[in-house]
Amino acid sequence: MSILFYETTKTFHLCNQEISYIMTVLPNGHMGQLYFGKRVSQREDYSYLYETASRPMTSYVFEGDRSLSLEHVRQEYGVYGTTDFRRPAIEILQPNGSRICDFRYKGHEIMKGKPGLAGLPATYTEKDEEAETLRILLEDTLTGVTLELLYTIFAGGGILARSAKITNKGEESVHLTTAMSMCMDLPDCNYEWLQFSGAWARERHLKVRKLEQGIQAVDSRRGNSSHEHNPFIVLKRPETNERQGEAIGFSLIYSGNFLAQAEVDTHDTTRVLMGIHPMGFDWKLEEGESFQTPEAVMVYSERGLNGMSQTFHRLYQKRLARGYWRDRARPILNNNWEATYFDFTEDRLVEIAAKAKECGVELFVLDDGWFGERNNDHAGLGDWVANPKRLSGGITGLAERIEELGMKFGLWFEPEMVNKDSDLYRKHPDWILSTPGRSASQGRNQYVLDFARKEVVDCIYEMMEKILGEAKISYIKWDMNRSITECYSAAFPPERQGEIFHRYILGVYDLYERLNTHFPQILFESCASGGGRFDPGILYYAPQGWASDDSDAVERLKIQYGTSFGYPISSIGSHVSVTPNHQVFRNTPLHTRANVAYFGTFGYELDLNKLTEEEQEKVKAQIAFMKEHREVLQFGTFYRLKSPFEGNITCWMTVSEDKTEAVVGWYRTLSHVNMPYTRVRLEGLDPELCYENKETKEIFFGDELMNIGLVTSDGMCGQMEENTGGYGDFDSRLYVFQAVRKD
Ligand code: DGJ
């Protein structure tokens with residue numbers, strides 16, 4: 001990996017074994033983008049990539065010279081209104097009312113490793129040799145505002161991390177109204193756009209469409225990254241599939257309002273912008289103040305979508321997630337939410353936990369309802385003190401009882417929220433986000449605490465710290481159950497109200513950071529009504545997230561498949577729940593529920609006492625299986641093989657790093673009669689190794705399984721007596737392969 005600068009042509013070339021990223025200083029001093037893609041040879045002069053041919057109906061930068069129009073030129077951080085008419089990466093409202101800026105190259109610095117971003121989650125290095133960082137300094141001389149563009153290239157993988165820092169070195173305050181994390185101008189538009197969208201309980205469904213002239217975008221204006229869209233998009237060539245072809249993934253390490261968009265212009269150039277949503281954003285920069293954008297990560301792959309996802313998985317697993325749990329297989333848990341909802345007593349919880357322990361579960365999690373007057377979802381949020389009517393010995397007492405069973409204990413919080421029926425609200429009614437003179441909308445009967453204010457975050461921290469300090473708590477589920485409305489903080493002046501959405505999320509990060517630091521061994525699982533804040537920003541603090549409130553195995557195929565494009569399997573919270581399922585009322589077999597949940601953190605969202613003895617025996621076997629294989633399931637190299645968005649069969653697999661173990665998950669949504677012969681070509685195995693199917697003891701070479709395929713046809717024929725083992729609808733199978741010597 002290296003970052004080269006050619007003084008004569010003012011050209012930068014960032015490259016590693018896989019990618020090249022090339023840019024240059026344009027004649028007007030702006031930064032121009034020349035190339036991003038598969039690694040190319042070094043040369044001093046790439047100016048042929050900078051196209052100067054003049055075109056009709058264009059404005060030009062220099063008088064009497066038709067060679068430079070920003071409309072034609074691909075840029076690194078586009079500005080609007082000085083011959084470029086595309087959406088800009090930056091916009092600054094100045095004291096004279098103008099928004100025109102002119103950032104010119106002043107200098108640069110190349111450093112080893114990667115600096116952190118103050119107060120923000122970001123990828124990191126552990127050793128300097130892992131990455132190099134380029135900081136380019138630009139200045140708008142009229143206002144004195146400087147712009148620093150930060151680029152980090154990692155030694156391995158087609159990864160480039162970007163962010164920007166804006167500093168007001170002028171003498172008057174200015175308002176930053178747009179500050180994107182990245183701007184990437186690609187030379188053509190022959191791409192398909194992939195987004196991961198849906199709704200509550202239907203998160204991260206894959207949607208694909210062709211790029212077209214005009215703007216296509218996904219965003220959130222809800223204060224969280226949202227169930228509706230995810231801060232992650234992919235551009236792939238039309239011929240690219242999971243196995244081969246070019247794809248570029250764009251991911252934003254941020255949990256608040258975001259915008260990810262592609263604008264195809266009249267000459268088929270594609271501008272990708274990603275960052276904090278400019279709508280409503282207005283950050284006042286006094287003299288000497290700076291604003292740091294969140295980080296965006298771009299991953300280029302020529303090994304198809306699986307190759308791109310695997311790069312994201314490794315990066316986010318190893319160099320975004322942090323701490324004690326980063327590299328550890330995750331405990332198998334039993335959460336009481338779908339088992340009891342608000343209707344529990346301490347003894348009932350212990351009864352659930354005891355059966356879970358008997359089956360092999362390692363962690364019991366007490367969900368909502370343990371604090372204040374929280375008997376339903378109308379009261380109690382904000383009062384983080386155990387309800388003695390439910391828990392006579394408090395959280396400490398319950399945690400002790402769980403620990404005595406030989407299990408770890410985990411607890412639910414929703415730190416950012418308050419009910420009006422709570423002591424906290426009665427004491428501090430002005431601590432909620434609400435606009436003066438307007439009514440405050442509620443969501444699930446709750447209001448959003450003003451996390452832009454330090455004293456609010458401090459107060460919640462103290463309550464949580466007290467409980468976590470007193471009781472033996474090994475895990476926290478951090479929930480967030482509504483979007484933000486009437487976003488206005490009583491503690492900030494009118495001209496700073498456009499900062500509140502971002503300040504809010506900085507407050508959330510601050511609370512996470514303090515808790516992570518003070519309680520480094522607690523495992524955090526993020527949650528926002530399921531998958532409403534499943535984003536890379538939160539992964540920095542919580543290495544796993546409850547992927548969706550929809551726990552139905554069939555629904556989960558799409559949710560987990562979609563999630564896997566940008567997020568590692570170890571981050572996907574997935575549990576077995578009861579049938580009929582509580583969200584879609586579907587009956588799926590127990591083995592299929594587990595076969596889906598294995599590809600995630602794994603756990604149970606039910607009362608195991610309510611299962612038959614036969615089912616409990618099956619659960620014991622499932623848990624034993626997970627314990628044996630969770631390393632490869634959670635941390636192996638993951639491949640999507642057959643998409644639930646394209647057909648009745650879903651298939652995926654994971655392979656251990658040394659390629660000696662593989663687990664394949666195969667799922668058939670609906671059963672049909674007299675079905676065709678089928679095979680699935682596996683991936684990632686060693687072609688020369690022999691693999692034993694652990695169940696059937698059949699042995700195959702890796703190259704057979706990858707080139708000929710795994711035969712998945714079964715005996716589902718026409719008559720009952722001809723059925724050789726098929727299950728019916730919602731069937732699934734796991735194939736476990738172990739490398740063996742063939743004598
Ligand atoms: C929403 C979460 O997604 C559920 O798992 C559960 O924790 C409830 N909130 C509790 O109110």
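In what sense, parallel or antiparallel, do strand β2 and β3 pair, and over how many bridges? Strand β2 (residues 11–15) and β3 are antiparallel partners, joined over five bridges. The legends below describe views of a predicted model.

**Figure 1. Overview of the chain, which contains twelve helices and 39 strands.** The C-alpha trace spans about 85 × 70 × 45 Å along its principal axes. A compact globule of 743 residues would have a radius of gyration near 27 Å, and the value for the chain, 27 Å, agrees with this. Of the 743 residues, 62% are buried. Among contacts with a separation of 6 or more, 69% are between residues 24 or more positions apart. The accessible surface amounts to about 27,900 Å², and carbon and sulfur atoms contribute 49% of this. The chain carries 82 positive and 107 negative charges, whose mean positions lie 1 Å apart.

**Figure 2. Strand β3 and its pairing with β2 and β4.** Strand β3 covers residues 19–25, and seven of its seven residues are buried. In a regular strand, side chains alternate between the two faces of the sheet. In β3, Ile19, Tyr21, Met23 and Val25 point one way, while Ser20, Ile22 and Thr24 point the other way; all are buried. On the β2 side, the two strands form a hairpin with three residues between them, and leucine 14 stands opposite tyrosine 21. On the other side, β3 pairs with strand β4 (residues 31–38) in the antiparallel sense over seven bridges. Serine 20 has glycine 37 of β4 as its bridge partner. The β3–β4 hairpin has five residues between its strands, and glycine 29 in the turn has a positive phi of about 90°.

**Figure 3. Surroundings of phenylalanine 154 in strand β8.** Strand β8 comprises residues 145–154. Phenylalanine 154 has a relative accessible area of 5% and is therefore buried. Leaving out residues up to four places away in sequence, its contacts include Met1, Asn16, Lys114 and Leu315. Tyr124, Glu130, Ile159 and Ala161 are also among the residues that phenylalanine 154 touches. Its C-alpha atom is 11 Å from that of isoleucine 3, although 151 residues separate the two along the chain.

**Figure 4. The open sheet of nine strands with parallel pairing.** The strand order is β29-β28-β27-β26-β23-β22-β21-β31-β30. At the edges stand β29 (572–573) and β30 (576–577), each with a single partner strand, so one side of each has no neighbour in the sheet. Within the sheet, β22 and strand β23 (residues 408–413) pair in the parallel sense over four bridges. One of the bridge pairs between them joins phenylalanine 364 to phenylalanine 409 in β23.

**Figure 5. Glycine 369 in the loop between β22 and α4.** The loop runs between β22 (363–366) and α4 (394–404). Glycine 369 is buried, because its relative accessibility is 0%. Apart from residues up to four places away in sequence, glycine 369 touches Phe342, Phe344, Arg374 and Arg390. The C-alpha atoms of glycine 369 and histidine 13 are separated by 56 Å, with these positions 356 residues apart along the chain.

**Figure 6. Asparagine 224 in the loop between β13 and β14.** The flanking strands are β13 (214–220) and β14 (232–236). With a relative accessibility of 4%, asparagine 224 counts as buried. Beyond residues up to four places away in sequence, asparagine 224 touches Ser255, Gly256 and Asn257, as well as Met480, Ser483, Gly532 and Arg533.

**Figure 7. Backbone geometry at proline 580, alanine 201 and arginine 444.** Most residues other than glycine have a negative phi, and most peptide bonds are trans. The peptide bond from threonine 579 to proline 580 is cis, with omega near -5°. Proline 580 is located in the loop between β30 and α10 (590–597). Alanine 201, in the loop between β11 (192–199) and β12 (202–210), has a positive phi of about 65°. Its relative accessible area of 10% makes alanine 201 buried. Arginine 444 also has a positive phi, near 50°, and is found in the loop between α5 (423–427) and β25 (446–448). At 27% relative accessibility, arginine 444 is partly exposed.

Key. Residues are numbered from 1 along each chain as its sequence is written. This is a predicted model: local features need pLDDT of at least 70, side-chain atom pairs count only at pLDDT 80 or more; totals for chains, interfaces and linings use all residues. Side-chain values use heavy atoms; hydrogens and water are left out. The radius of gyration is taken over C-alpha atoms; the globule rule is 2.2 Å times the number of residues to the power 0.38. Buried means under 20% relative accessible area, exposed over 50%, partly exposed in between (1.4 Å probe, protein chains only). Contact means heavy atoms within 4.5 Å. Accessible areas come from the Shrake-Rupley method with a 1.4 Å probe; for residues, only the protein chains shown count as cover. Lys and Arg count as positive and Asp and Glu as negative; His and the chain ends are not counted. The place of a charge is taken as NZ of Lys, CZ of Arg, CG of Asp or CD of Glu. Two strands pair if DSSP finds at least two bridges between them.
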